[in-house]
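Work through the exercises below with the structure open. Try each task before reading its solution.

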Amino acid sequence: MVVNGKEKGKSGRILRVLPEKEKVIIEKINFVKRHARPHGKQRQGGILEKEAPLHISNVMLLCEKCNKPVRIGHRMVEGIKKARYCRKCGEIFDK
Ligand SMILES: [Zn+2]
C-alpha cells in the first residue's frame, strides 16, 4: 500500500523490487505515460503506459489479517530463511 505521494491510499501487488535503488514497482500504481517513437523493428509508436518505481519509504506492506498497512520485521523461519512478518499480529508474509 502506498502511504505517501500522489498514489496515497492505493494498494496493489508488488511486481518487482529494486533493492539497490530501494524502490519497488507495484502493479497498476504510479503509471507514467511514455511517448514511444517508431523505430527499428517496432511497428508503431504511440503512448506506452508503464508502472514507475516508487521509493520504499513511500510504501508499506498491507497485512491481510490486520487489513491495514503495518510495520514489518524480519525473522528467521525454521532457521533457514529470513522472512518478513507483521509486527502487529505476527503474520508471516514470505512463505
Ligand atoms: Zn498483521
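A residue counts as buried when its relative accessible area is under 20%, and as exposed when over 50%. Keep in mind that this is a predicted model.

**Exercise 1. The zinc site**

Task: Identify the protein donors of the zinc ion, and state the arrangement of the donor atoms.

Solution:
- Step 1. Find the donors. They are the SG atoms of Cys63, Cys66, Cys86 and Cys89. Their distances to the zinc ion run from 2.2 to 2.3 Å.
- Step 2. Check the angles. The 4 donor atoms subtend 104 to 114 degrees around the zinc ion. Four donors count as tetrahedral if all angles lie between 85 and 135 degrees. The arrangement is therefore tetrahedral.
- Step 3. Read the spacing along the chain. The donors follow C-x2-C-x19-C-x2-C.
- Step 4. Place two donors in strands. Cys63 belongs to β6 (residues 61-63) and Cys86 to β9 (residues 81-86), so this pair ties together parts that are 23 residues apart in sequence.
- Step 5. Apply the burial cut-off. Cys63 and Cys86 are both buried.

**Exercise 2. The open sheet**

Task: In what order do the 3 strands of the open sheet lie, and which are the edge strands?

Solution:
- Step 1. Write the order. The sheet runs β1-β2-β5, with antiparallel pairing.
- Step 2. Pick out the edges. β1 (14-18) and β5 (54-55) each pair on one side only.
- Step 3. Look at β1 and β2 (residues 23-26). The two strands pair over 4 bridges.
- Step 4. Register the strands. Val17 stands opposite Val24 in β2. Arg16 stands opposite Ile25 in β2.
- Step 5. Inspect the hairpin. There are 4 residues between β1 and β2, and Glu22 takes a positive phi near 55 degrees.

**Exercise 3. The nonpolar core**

Task: Which residues make up the largest nonpolar core, and what does Ile29 touch beyond its sequence neighbours?

Solution:
- Step 1. List the core. It has 6 residues: Val2, Val24, Ile26, Ile29, Leu54 and Val59.
- Step 2. Set aside the neighbours of Ile29 within four places in sequence. The remaining contacts of Ile29 are Val2, Glu7, Lys10, Ser11, Glu51, Ala52 and Leu54.
- Step 3. Cross-check the two lists. Val2 and Leu54 are members of the core, and both are in contact with Ile29.

**Exercise 4. Glu49**

Task: Is Glu49 buried, exposed or partly exposed, and where is it found?

Solution:
- Step 1. Locate the residue. Glu49 is in strand β4 (residues 46-51).
- Step 2. Classify it. Its relative accessibility is 45%, so Glu49 counts as partly exposed.
- Step 3. Find its contacts. Outside four places in sequence, Glu49 is in contact with Phe31, Val32 and Lys33.
- Step 4. Compare sequence and space. Met60 is 11 residues from Glu49 in sequence, and the C-alpha to C-alpha distance is 24 Å.

**Exercise 5. The overall form**

Task: Decide whether the protein is spread out or a compact globule.

Solution:
- Step 1. Count the elements. The protein has 0 helices and 9 strands.
- Step 2. Test the radius of gyration. The protein has 17 Å, well over the 12 Å from the globule rule for 95 residues, so it is more spread out than a compact globule.
- Step 3. Take the box. Along the principal axes, the C-alpha atoms fill roughly 50 × 30 × 20 Å.
- Step 4. Add burial. Of the 95 residues, 22% count as buried.

Note on methods
Residues numbered from 1 in each chain as written. Predicted model: local features only at pLDDT ≥ 70, side-chain atom pairs only at ≥ 80, totals over all residues. Heavy atoms only, no water. Core = buried A, V, L, I, M, F, W, Y, C linked by side-chain atoms within 4.5 Å. Buried < 20%, exposed > 50% of the residue type's maximum accessible area, 1.4 Å probe, protein only. Contact = heavy atoms within 4.5 Å. Donors = N, O, S within 2.8 Å, 3.2 Å for Na, K, Ca; no water. Tetrahedral: all angles 85-135°; square planar, octahedral: opposite > 155°, others 65-115°. Pairing = 2+ DSSP bridges. Rg over C-alpha atoms; globule rule 2.2 N^0.38 Å.
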